[in-house]
Amino acid sequence: MAELPEIFKISRQMKETLNGKIIKDIVITQEKCTNVTLEDWKKRVIGAQIQDVINKGKWIVTKLNNGENIALSVGMGADVLFFENEKKQADKYQIKVLFKDGSGYTIRFWWFGKFLLCTDEELASNPEIKDIAIDPFDSKFTFEYFTSILKGKRTQIKSFLMNQRNVSGIGNAYMHDILFKARLHPQKKISDMTAEDIKNLYNSIISVLNFSREKDGLAYEKDFFDKNGKYTIDDFLIGYKEKRPCPSCGETIISIKTGSATSFICPNCQKI
Ligand SMILES: [Zn+2]
């Protein structure tokens, strides 16, 4: 599942490649993933120019010069692929955006995603998007900021970090190593964390996500130019490594249920 390193990369590639292009046509074969009819899409986006592409947590927002926004959530994953001309486009897709210069991009959701058309006002009030917190790659995500959002909280640290209204962009994939590097049990209460725990956690979030960013994201995810990332299972410290030895102390890594998800932990290094 795409998380911040993958989404960040693809949104930056889209920005660099698509800025200034004018939309010529749009194809949507899976109407369930969108919020307006294809007829409305065509009316509102054809002829508009791409002004910017940003990420808001795990959402990718394409801003058009006419006050419209295309908000994309890849859900469990998607191939979002650029093509220089239609002869080179992917065979399978549910969405295709075509530009005046003949280039375009296709989206194929692996499971189910969202592709919404919103005015600036609708985007600012969309319940799924409006409250998304800043992500750890944002320059405003400082240690002081992180400390301030934890202040007075009593929830378990993993569920706090998974909530996109607190910190955006982190999902289950990178969480295991983030908590392991900080020596924190996923069910540890924030109110029981020391100042050192918070410092370790902040550093761990930054270093785990940056390490993946340097490796161009997860190996099973493709970027905008059909290239896979280089972050493989070998790069995880304890994530998805049940029954293998902890790289730090040698204890056997176990998986536990935390809420609806699984967490991989070292029971020796991460005590509750
Ligand atoms: Zn250990």
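1. In this predicted model, one open sheet is built from four strands in the order β1-β6-β7-β5, and its pairing is antiparallel. The edges of this sheet are taken by β1 (23–28) and β5, each of which has a single partner strand, so one side of each is left without a neighbour in the sheet. Ignoring direction, neighbouring strands of this sheet are turned against each other by 10° on average.

2. Within that sheet, strand β6 (residues 95–99) and strand β7 (residues 104–109) run antiparallel and are joined by four bridges. To locate this pairing in the viewer, one may start from V97, whose bridge partner in β7 is Y105.

3. A further open sheet of four strands follows the order β2-β3-β4-β8, with antiparallel pairing. Here β2 (50–56) and β8 (114–119) are the edge strands, each pairing on one side only, and the twist from one strand to the next averages 20°. Strand β4 (residues 68–73) runs antiparallel to β8 and is joined to it by six bridges; in this part of the sheet, L72 stands opposite F115 in β8.

4. Two helices lie across strands of the sheet described in the previous point. Helix α1 lies across β2 and β3 (59–64), and runs at about 175° to β2, whereas helix α2 (residues 38–45) lies across β3, β4 and β8, running at about 50° to β8.

5. On the overall layout, the domain assignment gives domain 1 (4–125) and domain 2 (143–265), and the centres of domain 1 and domain 2, taken over C-alpha atoms, are separated by 29 Å. To the contact between them, domain 1 gives 17 residues and domain 2 gives 17 residues. On the side of domain 1 that touches domain 2, the elements giving two or more residues are α1 (4–18) and β5 (78–83), and the largest share, ten residues, comes from α1. By class, this side of domain 1 has nine nonpolar, four polar and four charged residues.

6. A last point concerns K189, which is found in the loop between α6 (172–181) and α7 (195–214). Is K189 buried or exposed? K189 is partly exposed, because 14 other C-beta atoms lie within 10 Å, and the partly exposed class falls between the limit for buried, 20 or more, and the limit for exposed, 12 or fewer. If its neighbours within four places in sequence are left aside, K189 is in contact with R154 and Q156. The C-alpha atoms of K189 and I272 are separated by 8.3 Å, although these residues are 83 residues apart along the chain.

How values were computed: Residues numbered from 1 in each chain as written. Predicted model: local features only at pLDDT ≥ 70, side-chain atom pairs only at ≥ 80, totals over all residues. Domains from an automatic or database assignment. Contact = placed C-beta atoms within 7 Å. Nonpolar A, V, L, I, M, F, W, Y, C, P; charged D, E, K, R; others polar. Pairing = 2+ DSSP bridges. Axes fitted to C-alpha atoms, helices over the stretch in contact; angles between N-to-C directions.
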